[in-house]
Amino acid sequence: MTPIPEAFQLHIPEEAIVDLNDRLKRTRFPDQIPGAQWSYGTDLDYMHALTHYWSTTFDWRTQEQLLNSFPQFKVALHDIDLHYLHVPGVGPDPKPLLLMHGWPGSVFEFMELIPRLSDPARFGGDPADAFTVIAPSLPGYGLSFEPNQKRFSIPQIADCFADLMVNVLGFDKFAAQGGDWGAFTCSALGVRHADKLAGIHLNMLAIKPDPVPTVDPTPDEQRYAQEIATWAKEEAAYIQIQGTRPQTLAYALTDSPAGLAAWIAEKFHVWSDHNGDFESVIKRDQLLANISLYWFTGAIGSSFWPYYDRLHGPWPIPEGKTVDVPTGYAAFPAETRRPPRSIAEKVYTDIRQWTVMSKGGHFAAMEQPEALAVDVRAFFRSLRNSF
């Protein structure tokens, strides 16, 4: 029997907001090496300012109202209550687009991107490019989490979302877009459910960080080799702790909102494209809306699970398999890892659009929503007759 979605609106109890503010005001801060700023992690002065703003000025109800301005649903699927936004397209023939976030993001990443995809004419685009956007909270994230529910690997998330799109919502074929774990899920869909896809658009590539060819590497391959080495030395610690001891870390981040904010804000600082002030590209209220959703839902521990599965299970794209569906890629210059096309084509065999973006980083939907929307619409334009 096909599960029936139920309309959903978010309302966090007032006592939960009061408790958050009380905890923030009692934060016990560490010291910091003089002059360190962001060199060893989240800057102390920044954290003082952020937690003060969070407890005195930030208006959760405004962000909650923004989320609730989009049609939302929950459906019992694959043994959880899956949350998703379902925004009808405004145009002559809107096509279904599955839009997926990653870690440490949420559906709050898409508040400015979704309207540009569902109603392009409102932003000066062609209404013929409109999509009906389905943006789920990944299982174990935000509003797709309840305590003690089962955990999902990326292939299991792909199966769940394919079921949502085809069997629950009734789309024979659909488009998919994602970054971070959303990009991995897109890629897993391309392997496991290729017959259901018109194509996928990525702003991150699910490429193993393997050593590049040592014989006659191109300059771009040499650049990527250095990028991998730097990543492994300076940036990969969070993967190791989240992928090996997720439960231990969850105690600290579930109990301390300041700790949670420091853990997440550091990633937004390092992974976004800015000249020293990451709030110049990601507004403070956007950041705190995302962090607050993790806090209020208690989902930070469960959000680590894909990392544990990644380190203890097979790569989401099985050995010897390739992604053969039409693929578009937006290469943002400050993305965490940027494999060259020569390496990407070994996994993605049908790359039809490769756009080198002028600015933007890992959180492209928040940093550069217009540029990302334009690239997504352009990629799927030639594929619209296939679904």
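For sorting pocket residues by class I keep this rule at hand: Ala, Val, Leu, Ile, Met, Phe, Trp, Tyr, Cys and Pro count as nonpolar, Asp, Glu, Lys and Arg count as charged, and the others, Gly among them, count as polar. I also note at the start that this is a predicted model.

**Entry 1: the largest pocket**

I looked up the largest pocket and found a volume of about 760 Å³. Its lining is made of 30 residues, and Tyr40, Gly41, Thr42, Ala262 and Glu266 lie nearest its centre. The elements that give two or more residues to this lining are α2 (44-56), α7 (219-235), α8 (237-244) and α10 (257-271). Which element gives the largest share of the lining of the largest pocket? I find that α10 does, with seven residues. When I sort the lining of the largest pocket by class, I get 16 nonpolar, eight polar and six charged residues.

**Entry 2: the cavities**

A probe the size of a water molecule, rolled over the atoms, shows where space is left empty. Counting cavities of 30 Å³ or more, I arrive at two.

The largest cavity holds about 100 Å³ of space. I see 18 residues lining the largest cavity, of which Gly102, Glu109, Gly179, Asn203 and His362 lie nearest its centre, and the elements giving two or more residues to that lining are β6 (174-178) and α15 (364-367). By class, the lining of the largest cavity has eight nonpolar, eight polar and two charged residues.

The second largest cavity has a volume of about 40 Å³. Its lining consists of Gly105, Ser106, Ser137, Tyr141, Gly142, Leu143, Leu293 and Tyr294. How many charged residues are in the lining of the second largest cavity? I find no charged residues there, but four nonpolar and four polar ones.

**Entry 3: the sheet**

Strands of a sheet pair through backbone hydrogen bonds, and they may do so in a parallel or an antiparallel way. Here I traced an open sheet of nine strands with mixed pairing, in the order β1-β2-β3-β5-β4-β6-β7-β8-β9. At the edges I find β1 (6-8) and β9 (351-356), each of which pairs on one side only. On average, neighbouring strands of this sheet are turned by 25° against each other, with direction ignored.

I then followed one pair in detail: β3 (residues 80-87) and β5 (residues 131-136) run antiparallel and are joined by four bridges. Within this pair, I note that Leu85 stands opposite Ala135 in β5.

Last, I looked at which strands helix α5 (residues 154-168) lies across, and these are β2 (72-77), β3, β4 (95-100), β5 and β6. The helix α5 runs at about 105° to β2.

Key:
Residues numbered from 1 in each chain as written. Predicted model: local features only at pLDDT ≥ 70, side-chain atom pairs only at ≥ 80, totals over all residues. Heavy atoms only, no water. 1 Å grid on protein atoms, 1.4 Å probe; cavity = no way out; pocket = protein on both sides within 12 Å on 5 of 7 lines; lining within 4 Å. Points joined across faces, edges and corners; volume = space filled by probe spheres on them. Pairing = 2+ DSSP bridges. Axes fitted to C-alpha atoms, helices over the stretch in contact; angles between N-to-C directions. Contact = heavy atoms within 4.5 Å.
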